[in-house]
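Please open the structure in a viewer and keep the selection tool at hand. The stops below are meant to be followed in order.

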There are 2 protein chains.
Amino acid sequence: MAALQPTPRSPPAIRYAQLPCPGCPGRHMNVCQPLDDELQVDFFDTGLRQKWARRQQLFRSGDPAGPIFKVTSGIVAVSRSLPNGTRQILRFALPGDICGYLSEGGAYAFDGEAITDVTTCTFQRDGFDNFAATHDVTAEAVRRELSQVLASAGQHLIVLGRMPTAARVAHFLCRMKADLTSRSQTAGLVALPMARGDIADYLGMRLETVSRSFTKLHKLKLISVSTDAVVVLDEIGLAAIGGYPPE
Amino acid sequence: MAALQPTPRSPPAIRYAQLPCPGCPGRHMNVCQPLDDELQVDFFDTGLRQKWARRQQLFRSGDPAGPIFKVTSGIVAVSRSLPNGTRQILRFALPGDICGYLSEGGAYAFDGEAITDVTTCTFQRDGFDNFAATHDVTAEAVRRELSQVLASAGQHLIVLGRMPTAARVAHFLCRMKADLTSRSQTAGLVALPMARGDIADYLGMRLETVSRSFTKLHKLKLISVSTDAVVVLDEIGLAAIGGYPPE
DNA sequence: CGGTTAGTTGAGTGCATTCAATCCCAGTGG
DNA sequence: CCACTGGGATTGAATGCACTCAACTAACCG
């Protein structure tokens, strides 16, 4: 479990050098995207750049709610673990995404773990809130980000509740492909920086089943598999199995 | 399916008679709760009271995003159906809750169906947005409502992804009990206005399995079951099985 | 070259599903 | 008043999909 490897909570923090948002090139609606240059500098001046090693914990469910993290590179898994040792990953926060935002009774609502090496722009919570409170565009962007994440969680509920395992994997691949393509990617190549076990924890299945699903989709000539990437051979067919896009 | 019974989309709308929020007595953070009396009158003056029959659709995924609904009595299921006919209920909107808020590309993101007879306070979307834009407390309340729903969706993901069926049902009962207790309810009696099939669609299982789970929990002397209610006999034991509350 | 970690594959089990029968109860008409 | 009907709920039997446990392979690093 997490306790086995003592993870330093706060890596060295470097003050942002008043640069325009490095992770912003916008996949998503984004909390700093709508700001003009001057405001963006003000905003980022309240943030610190931090680097995190793979498998480090950025925040932990139950801990007093501290900073908010904007992922600028790498991937953070937002998750929660159950007493029996299993964990469920709720979402992967990609570059540009915010995580550690939700709190319940003054504590982080979920765990945040670096799936790859990660850099974040780290904001003090009250500074972040104050900025949002005094700048309408940011408040609006936060609202949109929340809506976005909520819609995505809704989709995820459908996947976990109503799809067989192969379909889940197919859906996941389509989703990753769509997410990555909007960030300029080579043809059908979908990078999979996360381990099989992480995908399993995201899709509510076992890593062996993830593996079997990959080979199954491979045998159907829909994808070509390697450890840390997948080539989508038949996007239509894959989307059909994965029920993607919705409807 | 839905097409079988032609459901009139817009039941007769009655203009709100400038009354204080009828559904507000606050289970939750609420979009009209934080307003002072005068503002609340202004706010509700922009809403219409509507009545909906059981199994009527308030809004439909894919339809142009129309009004936003505040449930004032009854229960609305927010769901999405898959091509194969199965559906997943994402949440039950109880009195005080907002639904129909999320949109994707100008269309409702999900379906909304009255599980019981329902009354709503219905707001035009842009009127609602304008009000939130010009009243900070409302904007803040919307943000909190979104956070609340998002945290709840996260919990739901854990249930669907990582819990066996009996635990899902136990969790569901604990949750319903907590929700209803905060709205003053008799001892251990948990009302279940929704059908078994609805519970199944919410918990990602079949109605037969829901039924079996009920009898299983009954045999463990944790609950006593009837069609439209459950008596919780052993709250501790039930919570233990259902992993509720989280952690 | 040995050791470690991640991934794949195989065999067997079990839990939830499917399909079908039965039960229960409220509503209705004889 | 009671038999009939229909929808919802429960129960039973059999199937199958995903899980568990275990062996094996591949890649990586010292």
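What follows is a tour of selections, with a note on what is found at each.

**Before starting**

This is a predicted model, in which local features need pLDDT of at least 70 and side-chain atom pairs count only at pLDDT 80 or more, while totals for chains, interfaces and linings use all residues. Residues are numbered from 1 along each chain as its sequence is written, chains are lettered from A and ligands numbered from 1 in the order in which they are written, and side-chain values use heavy atoms, with hydrogens and water left out.

**Stop 1: chain A as a whole**

Select chain A and show it as a cartoon. Its secondary structure comes to seven helices and 14 strands. Helices (H or I, at least four residues) and strands (E, at least two) are DSSP runs, numbered from the N terminus. Chain A has 247 residues, of which 53% count as buried; buried means under 20% relative accessible area, exposed over 50%, and partly exposed in between, with a 1.4 Å probe and protein chains only. Among the contacts in chain A with a separation of 6 or more, 71% join residues 24 or more positions apart. A contact means heavy atoms within 4.5 Å.

**Stop 2: A:Ala77**

Now select A:Ala77, which lies in strand 5 (residues 76-81) of chain A. Is this residue buried or exposed? A:Ala77 has 0% relative accessibility, so it counts as buried. Leaving out residues up to four places away in sequence, A:Ala77 touches A:Ile89, A:Arg91, A:Phe92, A:Asp111, A:Gly112, A:Glu113 and A:Ile115. For a distance check, pick A:Phe214 as well: the two residues are 137 residues apart in sequence, and their C-alpha atoms are 21 Å apart in space.

**Stop 3: both chains**

Show chain A and chain B together. Two copies of a chain are related by a rotation about an axis and a shift along it. Here, a turn of 180 degrees and a shift of 0.0 Å along the axis lay chain A on chain B with an RMSD of 0.0 Å. The two copies are therefore related as by a two-fold rotation axis. Both copies use the same surface, as 100% of the contact residues of chain A recur in chain B. The superposition is by least squares on the C-alpha atoms of residues with pLDDT of at least 70 in both copies.

**Stop 4: helices 4 and 5 of chain B**

Select residues 165-181 of chain B, which form helix 4. At 1.5 Å a residue, its 17 residues should span 24 Å, and its end C-alpha atoms are 24 Å apart, which agrees. The expected span is 1.5 Å times one less than the number of residues. Of these 17 residues, 13 are buried, so helix 4 of chain B is largely enclosed by the rest of the structure.

Move on to helix 5 (residues 196-203) of chain B, where seven of the eight residues are buried. Which residues of helix 5 of chain B are buried? They are B:Arg196, B:Asp198, B:Ile199, B:Ala200, B:Asp201, B:Tyr202 and B:Leu203. Their cover includes helix 3 (136-162) of chain A, and from chain B strand 6 (87-93), helix 3 (136-162), helix 4, helix 6 and strand 13 (223-226). Just after helix 5 of chain B, B:Gly204 has a positive phi of about 65 degrees.

**Stop 5: DNA strand C**

Select DNA strand C and the residues near it, meaning those with a heavy atom within 4 Å. There are 17 residues around DNA strand C, the closest being A:Arg196, A:Arg212, A:Thr215, B:Arg206 and B:Thr209. Of the atoms of DNA strand C within 4 Å of the protein, 63% belong to sugar and phosphate.

Next, look at polar contacts (pairs of N or O atoms within 3.5 Å; within protein, one must be able to donate a hydrogen and the other to accept it, and residues adjacent in sequence count only if both atoms are side-chain atoms). An N or O atom in the side chain of A:Arg196 is 2.8 Å from a phosphate oxygen of DNA strand C. For A:Arg212, the partner of the side-chain N or O atom is a base oxygen, at 2.8 Å. Helix 6 of chain A provides the largest share of the surface near DNA strand C, with five residues.

**Stop 6: DNA strand D**

Finally, select DNA strand D. A polar side-chain atom of A:Thr209 is 2.3 Å from one of its phosphate oxygens. Helix 6 of chain B gives the most to the surface near DNA strand D, with five residues.
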